[in-house]
Amino acid sequence: MRTHPDITRKPYFMFGRESGKMSLMVASEAPARPVPGPRGLPLLGNLLAFGRDPLAFFSRLRDDYGDVVTWRLGPRRSLFLSRPDHIAELLAAVEQTYEPLEIGWALKQLLGDSVLLSKGADWRRKRALVQPTVRPRHVRTYAATMVDCSTALAGTWRDGQRLDVRREMTRLTQRIVVRTLFGNDLEDDGGRLGDAMAVIQRELATELRGGVNLFLPSWARPPWRRRLLAAVAVVDAEIRRLIDARRSADPADARQDDLLGRLLAARDEDGRALTAREVRDEAVTLWAAGHETTSTTLTWTWLLLARSPDARARLTEELDRVLGGRPPAYEDYERLPWTRQVVKEALRLYPPAWVITAVAGKEAALDGAPVRAGTVMWCSQWATHRDPRWFRDPAAFRPERWDAGAPDVVPDHAWFPFGGGQRTCLGARFALVEATLVLAALAQRFHLEADPHDGVPAVGLLLLPAVPVRATVRAR
Ligand code: HEM
């Protein structure tokens, strides 16, 4: 771990210590002290301020009240954490002390009981079954698909062509995830599934906007929920058809080198396979978690590069030197440090997942503050990634801050776009390899000259550009 000077200088850490290890104390052992926080309205708490602009709200909590802040989302008592060591401790305690927050009815309709939404023993079983499908040696085989799809896209780009960057990157990452999930089984290249997913994405954003709908009862059927259910039915039918086709195929012909094949072949320690419903849930989750996140990362990366000629020059120099005009391959991931740093820095400034929540399942304490059972714990990648205590000149795009010998020393969990602890993103390696290889394959031949853009994100399930990023393709 690289240690930030501030952490070693100041006695920041006030958790209980046992044999040198940080530990959460039970509330009765904790030295009680009031936790600061903003006043809220009766019943609503701070819901309105949060709903208006959650990113500014979290940054204000940090700046005005400190490292551990109490606030209320409607009736629910919440604690917001912004210090990396607190965040690490929280994420490490998820599954023991804290449980993932149930994020409502809508996501459940799409993802079912997949690894992303399940808890306890059920989660452990599913994580053990799904994780091996994206282990590094399999990512190596998916990397060929990532590069093939990128090279095919590059073949369609022309100098002077105008693009909506996010739409282009989403089409690409969708094609990649569909191919890695289902091989070539989808006749229309996943078009129907893609359309249904676009509807789901839009209606999920409506459901989550402002936080107010999270309190809608599950039986309520406003128009957006009806549209969402219709689109989920399309996804279900399509994936069910694919699973049935695989299952009825001759075992000798059954493909196992894609994610669906690996999910169907997976066995838990008792030798049990996932049921068809469980395979459906995991496949949809890998798809949903696995393409919009990466396409958003790539969109922000192109925008940041367009504004940073120096970073771009270093990128093309590295790509020309290492690849010499040939398409990248999995092995090049390690050979392209600057390309990786560009992606890493884009993930710092614009983390697609901008918040992580967990609920205290039992009484606990954090930094001397009692945490009552039922408290919702929040930490935000946005707020911590832009904290000047951990990142000098935090709003600046500076991939060089990640250079091996750079003076910036970044503490663990000051950069956590993929979360942490046991529930850390299962596809982190997949995503990093994908973003790096896609960028390498495209940027070695083209530069995207972005139109002026304010870089302001819109907050939904992910942090997307609030207005489209449009660009002109420039051949190198
Ligand atoms: C830039 C791209 C990505 C970002 C920023 C991202 C971020 C995250 C975050 C923040 C979490 C929650 C971690 C936590 O609660 O501590 C997560 C979980 C997860 N991600 Fe990703 N992710 C990305 C790409 C992917 C990809 C490509 C896949 C699949 C191929 C994937 C699959 C998952 C799954 C299945 C989980 C749930 C893990 C669990 O609860 O055990 N993600 N991701």
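## A buried glutamate in helix 9

Glu 207 is found in helix 9, which covers residues 191-208. Keep in mind that this is a predicted model. Is Glu 207 buried or exposed? With a relative accessible area of 3%, Glu 207 counts as buried, because the cut-off for that label is under 20%. Its side chain has a partner, too: the side chain of Glu 207 makes a polar contact with the side chain of Arg 225, at 2.6 Å.

## The iron and its protein donor

Now for the ligand. Which residue is the protein donor of the iron atom? That's Cys 425, whose SG sits at 2.3 Å, and Cys 425 is the only protein donor of that iron. As for where to find Cys 425, look in the loop between helix 16 (381-385) and helix 17 (428-443).

## The shell around the ligand

In total, 24 residues surround the ligand. The closest are Leu 116, Trp 123, Arg 127, Arg 423 and Cys 425, so Cys 425, the iron donor, turns up again on this list because its SG is at 2.3 Å from the iron, within the 4 Å used for the shell. Sorted by class, the shell has 14 nonpolar, eight polar and two charged residues.

Which helices supply at least two residues each to the shell? They are helix 6 (120-130), helix 12 and helix 17. Helix 12 gives the largest share, with six residues.

Some oxygen atoms of the ligand also have polar protein atoms at hand. An N or O atom in the side chain of Trp 123 is 2.8 Å from a ligand oxygen. Backbone atoms take part as well: a backbone N or O atom of Gly 420 lies 3.3 Å from an oxygen atom of the ligand, and a polar backbone atom of Val 115 is 3.5 Å from a ligand oxygen.

## Two cavities

How many cavities of 30 Å³ or more does the structure hold? There are two, and the largest has a volume of about 50 Å³. Its lining is made up of Trp 302, Leu 305, Ala 306, Arg 312, Thr 316, Ala 443, Phe 446, His 447, Leu 448 and Arg 476. Helix 12 (276-306), helix 13 (309-323) and strand 11 (446-450) are the elements that give two or more residues to this lining. By class, the lining has six nonpolar, two polar and two charged residues.

Helix 12 is worth a second look, then: it contributes to the cavity lining and also to the shell around the ligand.

## Helix 4 and what follows

Helix 4, residues 84-93, is mostly covered, with eight of its 10 residues buried. The buried ones are Pro 84, Asp 85, His 86, Ile 87, Glu 89, Leu 90, Leu 91 and Ala 93. Just after helix 4, Glu 95 takes a positive phi of about 90°.

## Positive phi in a loop

Most residues other than glycine have a negative phi. The loop between helix 16 and helix 17 holds Asp 393, and His 413 lies in that loop too. Asp 393 has a positive phi near 50°, while the phi of His 413 is about 70°, again positive in a residue that is not a glycine.

What about the exposure of Asp 393? Its relative accessibility is 49%, so Asp 393 counts as partly exposed, since exposed would need over 50%. Cys 425, the iron donor, comes from the loop between helix 16 and helix 17 as well.

Notes. Residues numbered from 1 in each chain as written. Predicted model: local features only at pLDDT ≥ 70, side-chain atom pairs only at ≥ 80, totals over all residues. Heavy atoms only, no water. 1 Å grid on protein atoms, 1.4 Å probe; cavity = no way out; pocket = protein on both sides within 12 Å on 5 of 7 lines; lining within 4 Å. Points joined across faces, edges and corners; volume = space filled by probe spheres on them. Helix = DSSP H or I, 4+ residues; strand = E, 2+ residues; numbered from the N terminus. Nonpolar A, V, L, I, M, F, W, Y, C, P; charged D, E, K, R; others polar. Donors = N, O, S within 2.8 Å, 3.2 Å for Na, K, Ca; no water. Polar contact = N/O pair within 3.5 Å; in protein donor to acceptor, adjacent residues only side chain to side chain. Buried < 20%, exposed > 50% of the residue type's maximum accessible area, 1.4 Å probe, protein only.
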